[in-house]
Amino acid sequence: MRIISGKYKGRRINPPKNLPVRPTTDMSKESLFNILNNHFNFFELKILDLFSGTGNISYEFASRGATPIVSVDGDFGCIKFIKQTATEFDFDITAIKSDVFSFLAKHQSSYDIIFADPPYGMEQKEFEKLIDLVFENELLDEGGMLIVEHSKHTKLDHKEHFSFEKSYGGSVFTFYEIESEEEDEID
């Protein structure tokens, strides 16, 4: 796994082999960040990385100047690795061990970008619950974006705030946006 752009471009990160993860591939990650580059200046964006696993996506945001970043995962080993890596690179990442759904139900901060990479085998209704919790609890700032990574077998384009989706092999990124009030006035 490597950081593809920003201050630490090209740096390799080697997570322990025993973590229960399926990291986003470099090709998919590069495509995702090419899309995000067209929407955001990363400097000082507030990021929430759900089901963060190795922290792969969090490190990419941090390398590009996003701060603060909150990474949430239910696995102690993943959280420990994210904390170690954040310290090593001096990234402003807060790693929280929590069930993502419990975290979303109680959390009160809002973010510019929320990225979620749940296990591909998670049930459709759980993916939908994740999206609902983000919007019901107003965790996304105006002009913000929620991105959910999932398998091509999961369909999420029917949910409110759907914007677009992009497929890369067996993976799909589905994007949701809250339009800013300025955009609403123009329409």
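Select α1 (26–37) and α2 (56–63) and look at how they cross: the crossing of α1 and α2 is right-handed, that is, the near helix is turned clockwise from the far one by less than a right angle. The model is a predicted one, in which local features need pLDDT of at least 70 and side-chain atom pairs count only at pLDDT 80 or more, while totals for chains, interfaces and linings use all residues. Residues are numbered from 1 along each chain as its sequence is written, and side-chain values use heavy atoms, with hydrogens and water left out.

The axes of these helices, lines fitted to C-alpha atoms over the stretch in contact, come within 12 Å and cross at roughly 45°. The two helices are therefore oblique to each other, a term for angles outside the ranges under 35, 65 to 115 and over 145 degrees.

Next, show the side chains of K29, L32, F33 and L36 on α1 and of N56, I57, E60 and F61 on α2, which make the contact (heavy atoms within 4.5 Å). These residues divide into five nonpolar, one polar and two charged.

Now keep L32 selected and, leaving aside its neighbours within four places in sequence, add its contacts I57, F115, I147, F173 and F175.

From there, widen the view to the largest nonpolar core, where L32, L36, F61, F91 and I147 touch the most other members among 34 residues. Such a core joins buried residues (under 20% relative accessible area, 1.4 Å probe, protein chains only) through side-chain atoms within 4.5 Å. The largest share of this core, six residues, comes from α3.

Finally, select L50, V70, L139 and V148, which are included in a second, separate core of 25 residues.

How values were computed. Buried means under 20% relative accessible area, exposed over 50%, partly exposed in between (1.4 Å probe, protein chains only). Helices (H or I, at least four residues) and strands (E, at least two) are DSSP runs, numbered from the N terminus. Axes are lines fitted to C-alpha atoms, for helices over the stretch in contact, and angles run from 0 to 180 degrees between N-to-C directions. Ala, Val, Leu, Ile, Met, Phe, Trp, Tyr, Cys and Pro count as nonpolar, Asp, Glu, Lys and Arg as charged, and the others, Gly among them, as polar.
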